[in-house]
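Colleague: I'd like a close look at one small part of this model, and then at how that part sits in the rest. Take your time with it.

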Amino acid sequence: MHIGLPSAETLQGGSFRALVVTVLLSVFMFPLLRTVGLRAFSMASETYTSGTHSAAFVTCPNDTVAKDLARGIVERKLAACVNIVPAITSVYEWQGKIEEDNEVLLMIKTRSSKVPALAEYVRSNHPYEVAEVISLPIDQGNPPYLKWIGQVVPE
């Protein structure tokens, strides 16, 4: 009894090609099928797939700008929630000089897939010449909270 794949000699030309195509499709489709499977499992079991959501950070010159940006972000469903953290001090280099400014920080919770649209909205509506928009993927968290972000922010 022989167990394993048949040799190329024992397969006819069409069977061998079918085997090669099947193996190649399996190799290339695995990442996509894995992602889809993990998302389906996550939805069914209320677990969370790491990196599906992100926390983004934006600094603003004052509370008025921060509130205007936060409201626009949430109204456009670019994020589920924006926290406004007052009274931070930023020290940075700008045009060859060390600067120090009082700023307001936005902590934005959104889908990772929305970060590019979020960054574009901030660039278009922020008074700074170079607005800070950085994001970090959320690795873990409270599953009901993360589920809520996904419900509020469409894909």
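Colleague: Let's start at K77: what is its relative accessible area, and does that make it buried, exposed or partly exposed?

Modeller: First, the ground rules: this is a predicted model, where local features need pLDDT of at least 70 and side-chain atom pairs count only at pLDDT 80 or more, while totals for chains, interfaces and linings use all residues. Residues are numbered from 1 along each chain as its sequence is written, and side-chain values use heavy atoms, with hydrogens and water left out.

Now K77. It counts as partly exposed because its relative accessible area is 41%; buried would be under 20% and exposed over 50%, with partly exposed in between (1.4 Å probe, protein chains only). K77 sits in the loop that links α2 to β2 (81–94). Helices and strands here are DSSP runs numbered from the N terminus, H or I with at least four residues for a helix and E with at least two for a strand. What you may want to look at is the backbone: the phi of K77 is near 60°, so a positive value in a residue that isn't glycine. Most residues other than glycine have a negative phi. Q95 is another case, with a positive phi of about 55° although it is not a glycine either. Q95 belongs to the loop between β2 and β3, and at 63% relative accessibility it counts as exposed.

Step back from K77 into helix α2 and you reach V74, which is partly exposed at a relative accessible area of 35%. Leaving out residues up to four places away in sequence, V74 touches A79, A80 and V82, where a contact means heavy atoms within 4.5 Å. V74 also has a distant stretch of chain for company: V153 is 79 residues away along the chain, yet their C-alpha atoms are separated by 8.9 Å. T64 is in α2 too and is exposed, at 53%. The C-alpha atoms of T64 and V104 are 9.6 Å apart, with their positions 40 residues apart along the chain.

Helix α2 also feeds the interior. Nonpolar side chains tend to be buried together in soluble globular proteins. The largest nonpolar core here has 18 residues, and C60, I73, V82, L106, I108 and L118 touch the most other members; such a core is a set of buried Ala, Val, Leu, Ile, Met, Phe, Trp, Tyr and Cys residues joined through side-chain atoms within 4.5 Å. At least two residues each come from β1 (53–60), α2 (63–75), β3 (97–111) and α3 (115–125), and α2 gives the most, with five. One member, L118, touches A56, I73, L78, I108 and T110, again not counting residues up to four places away. A separate core of ten residues lies apart from it, and F57, A80, I88 and L146 are among them.

Next, the partner of α2. Two packed helices are described by the angle between their axes and the distance between the axes. For α2 and α3, the axes come within 11 Å and cross at roughly 145°, using lines fitted to C-alpha atoms over the stretch in contact and angles from 0 to 180 degrees between N-to-C directions. In that contact, D68, L69, G72 and I73 of α2 meet L118, Y121, V122 and N125 of α3. By class, the residues divide into five nonpolar, two polar and one charged; Ala, Val, Leu, Ile, Met, Phe, Trp, Tyr, Cys and Pro count as nonpolar, Asp, Glu, Lys and Arg as charged, and the others, Gly among them, as polar.

V122 leads on to V133, which is eleven residues away in sequence and 7.6 Å away in space, C-alpha to C-alpha. V133 lies in the loop between α3 and β4 (134–137) and is partly exposed at 23%. Its contacts, beyond residues up to four places away, are F57, V58, A119 and V122.

For the whole frame, the protein has four helices and four strands, running α-β-α-β-β-α-β-α from the N terminus. Of its 155 residues, 29% count as buried. Among contacts between residues at least 6 apart in sequence, 71% join residues at least 24 apart.
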